[in-house]
Amino acid sequence: MTLAIVLAADPAAGHPTEPGRAAGESLTERLAAQWRRAGADDVRIAADLTELADLVAAATGPVLVSGADLVAHTAVLRHLATSPVGPTVALVLTDPPAPGQATVREERGQVVEVDADDASGVFGGALRVGAADLPALADAARRAADGGPLGAVDRLVADLAARGTLIFAQRVRLLVAHRVGDETQRVAAEAAVAAVDEDRAELKLSVKERDDFFTTFFVSTWSPYVTKAAARIGIGPTGVTMVSVAFAVAAAVLFGAGGRPALVAGAVLLYLGFVLDCVDGQLARYTRHFSAWGGWLDTMADRFKEYVVYAGLGFGATHAGFRYGWALALAAMTLQTVRHMTDTWYGALHDEAARRPKVVTADAGGIGGKLNAASTRVQADTGSVSYWLKRTVVFPIGERWALIAIAAALFGQLVALVAVLVWGALAFAYTGGLRTLRARWMRVPVMATVDAGLHRDDGVLARTLPTTRRPLLLAVLGALGSAGTLVWALLAVHGGGDLPVFVPVLALVLLLGAAQASRAAHEGSLDWLVPAALRAAEYLFAIAVGVAGRAPAWLIFGYVLVLTLHHYDLTARLEKRQSAPPLHAATLGWPGRSLLLAIGLIAGYASIALATLGAYLLVVFVASVVLAWVVLPARARGGVRSPG
């Protein structure tokens, strides 16, 4: 249950009514009514911080708090109440601060400092506090009850920030929100609210503020109309996601069939599938129907759609006469997954750096600092050529799907795969090089703040090995060993021979050496690269086993696809700050899986090992999904209901 509390001890709380407002209705009463319309289950008015602390102490769910000096669209309050970015969120405005209002410094969407000298905004007088942070809120209210230079609700957010509470920022765009201190300001703010069409603004807000070039100019120009239509007929974001998956699967089938009409039709379906992929997020933002399940499903569906398209292209290229069509599809999938792992962990690095600003500002004159400053300038110059080049060169999903569709329709499956690989490799080199320099400058040990063993996906075997240091070096050596094994296997099979037994054994030794760093401290400035290196090591080793054992190419692709689903599950949970999957221990960890494949290869049953282990992992993955999103939530609610 969500509780909303309006703190009535603010200067504009009791002003008389104005034309168009119900007789006797004060700002306090109007805010209480708005919170109800915004989705609060219970709304209370607290006379002071002591009363607020008592209400918070008795709460069991999220608490919404606002002062009585806020004039805003109800949609602003609804967006704060339903924000998916984190459990505790504060409203942040660009208005000039008035006496008693707290200024804030925001980085990467986080409020990192309150009453900062280099403020980037002013606290908007409203915040949502997650259940885990309620004890801190109640204590902050009691501590702030004695007064101070800031307003009552401002003292709350300042105290929470000083305690190290993770507070995300909710900015106001297109809609209106102002804190008012007198009747003149109140009248002006209400006029500004009345001048904006709330529904039209919300539809525009459903589109991401900053998106990539192709999405911005070739999708978002008309996708809001689809979003509006979907909302009217009652289709939810999950339904749109599933239709998008169906379009991508149909496109993959057409790419596999080949022939110019099929390739063109597949390209059209792929484009429409991407439009729907954008619409599901826009629909969630427009209707405010967010859920952990929806966020997880969207992440997993995006990767599955892309990789099943790679499979269709690989199959089609092979049947068109190119011997290594499946190999190119495998390479594209492996490259993209490793890229995504670096993206996820570099994002985590930046989030951690934002919470540790004093570390980030060190050595501002070095090359990393200069790159950081240059990147900030380019990102701020929205609409410039350099801005769009920077967003395009990294090869985001819109550009990938557009390239696949155009290349497949005009030139065929082989050209589409080669184009994806070439641009993807260049983008990886570009982003990897720049991020490495910036990370060395930031010097933030991001993996020291997370469960390294879980997100390395080490499993039980790694925990039984002796611990060694230098996790990144060992992970890179493991990846190089797997890459060398794959090259040797390709040469041996091409020459009609067999891979010597000592080669996979040596590669396995290097892999187990990387596993020995499972319990070591990941405190290096580049240790955010460890998960990506381990993914590369495992995938390349599995491909090498399949090649050496002469397994069918589609079987190798299928096995690696199952691995990517498992690893994207982990990264999605990291991004959403969720716990480990219910059956994570049953996945055996990458060292255990690699050991089983090596045994299968040496015994002469590589294909059976890949098929059996792949099927087992798929069953575990599906069972884990059912447990995580159906069974366990149903038990928590005391009933049985599927996620929606």
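The following exercises, each with a worked solution, concern a predicted model of one protein chain.

Residues are numbered from 1 along each chain as its sequence is written. In this predicted model, local features need pLDDT of at least 70 and side-chain atom pairs count only at pLDDT 80 or more, while totals for chains, interfaces and linings use all residues; side-chain values use heavy atoms, with hydrogens and water left out.

**Exercise 1. Confidence**

State the average pLDDT of the chain and examine the stretches 359–363 and 639–644.

*Solution.* Step 1: pLDDT is the predictor's confidence in each residue, from 0 to 100. The protein chain averages 90, and 93% of the residues score at least 70.
Step 2: For residues 359–363 the pLDDT is below 50, and this stretch has 9 contacts in the model beyond near neighbours in sequence; a contact means heavy atoms within 4.5 Å.
Step 3: Residues 639–644 also have pLDDT under 50, with 11 contacts beyond four places in sequence.
Step 4: Where pLDDT is low, the predicted coordinates should not be read in detail.

**Exercise 2. Salt bridges across the chain**

Determine which secondary-structure elements are joined by the salt bridge of glutamate 202 with arginine 78, by that of arginine 171 with glutamate 106, and by that of arginine 400 with glutamate 306.

*Solution.* Step 1: A salt bridge is a side-chain nitrogen of Lys or Arg within 4 Å of a carboxyl oxygen of Asp or Glu. The whole structure contains 28 of them.
Step 2: Helices (H or I, at least four residues) and strands (E, at least two) are DSSP runs, numbered from the N terminus. Buried means under 20% relative accessible area, exposed over 50%, and partly exposed in between (1.4 Å probe, protein chains only).
Step 3: Between glutamate 202 and arginine 78, the closest N and O atoms are 2.8 Å apart. This pair links helix 7 (residues 198–205), which holds glutamate 202, to helix 3 (residues 74–82), which holds arginine 78, across 124 residues. Glutamate 202 is buried, because its relative accessibility is 8%.
Step 4: For arginine 171 and glutamate 106 the closest N and O atoms are 2.9 Å apart. Here strand 9 (residues 168–171) contributes arginine 171 and strand 6 (residues 103–107) contributes glutamate 106, with the two positions 65 residues apart. Arginine 171 is partly exposed at 30%, and glutamate 106 is partly exposed at 22%.
Step 5: Arginine 400 and glutamate 306 meet at 2.7 Å, N to O. Arginine 400 belongs to helix 17 (residues 397–411) and glutamate 306 to helix 12 (residues 292–319), 94 residues apart. Arginine 400 is buried at 3%, and glutamate 306 is buried at 1%.
Step 6: A network of salt bridges also links Arg105, Glu107, Glu113 and Asp118.

**Exercise 3. The surroundings of histidine 79**

Establish whether histidine 79 is buried or exposed, and list its contacts outside its neighbours within four places in sequence.

*Solution.* Step 1: Histidine 79 is found in helix 3.
Step 2: Histidine 79 counts as buried because its relative accessible area is 8%.
Step 3: Beyond four places in sequence, histidine 79 is in contact with Gln170, Leu175, Glu202, Leu205 and Arg288.
Step 4: One of these partners, arginine 288, lies in the loop between helix 11 (260–287) and helix 12. Arginine 288 has a positive phi of about 60 degrees although it is not a glycine, and it is buried at 13% relative accessibility.

**Exercise 4. A second loop residue**

Locate phenylalanine 395 and describe its backbone.

*Solution.* Step 1: Phenylalanine 395 lies in the loop between helix 16 (385–393) and helix 17.
Step 2: Its phi is positive, about 60 degrees, although phenylalanine 395 is not a glycine.
Step 3: With a relative accessibility of 0%, phenylalanine 395 counts as buried.

**Exercise 5. Valine 503**

Find the helix that holds valine 503 and its contacts outside its neighbours within four places in sequence.

*Solution.* Step 1: Valine 503 lies in helix 22 (residues 502–515).
Step 2: Valine 503 is buried, because its relative accessibility is 6%.
Step 3: Outside its neighbours within four places in sequence, valine 503 is in contact with Thr485 and Trp488.
Step 4: Tryptophan 590 is 87 residues from valine 503 in sequence, and their C-alpha atoms are 19 Å apart.
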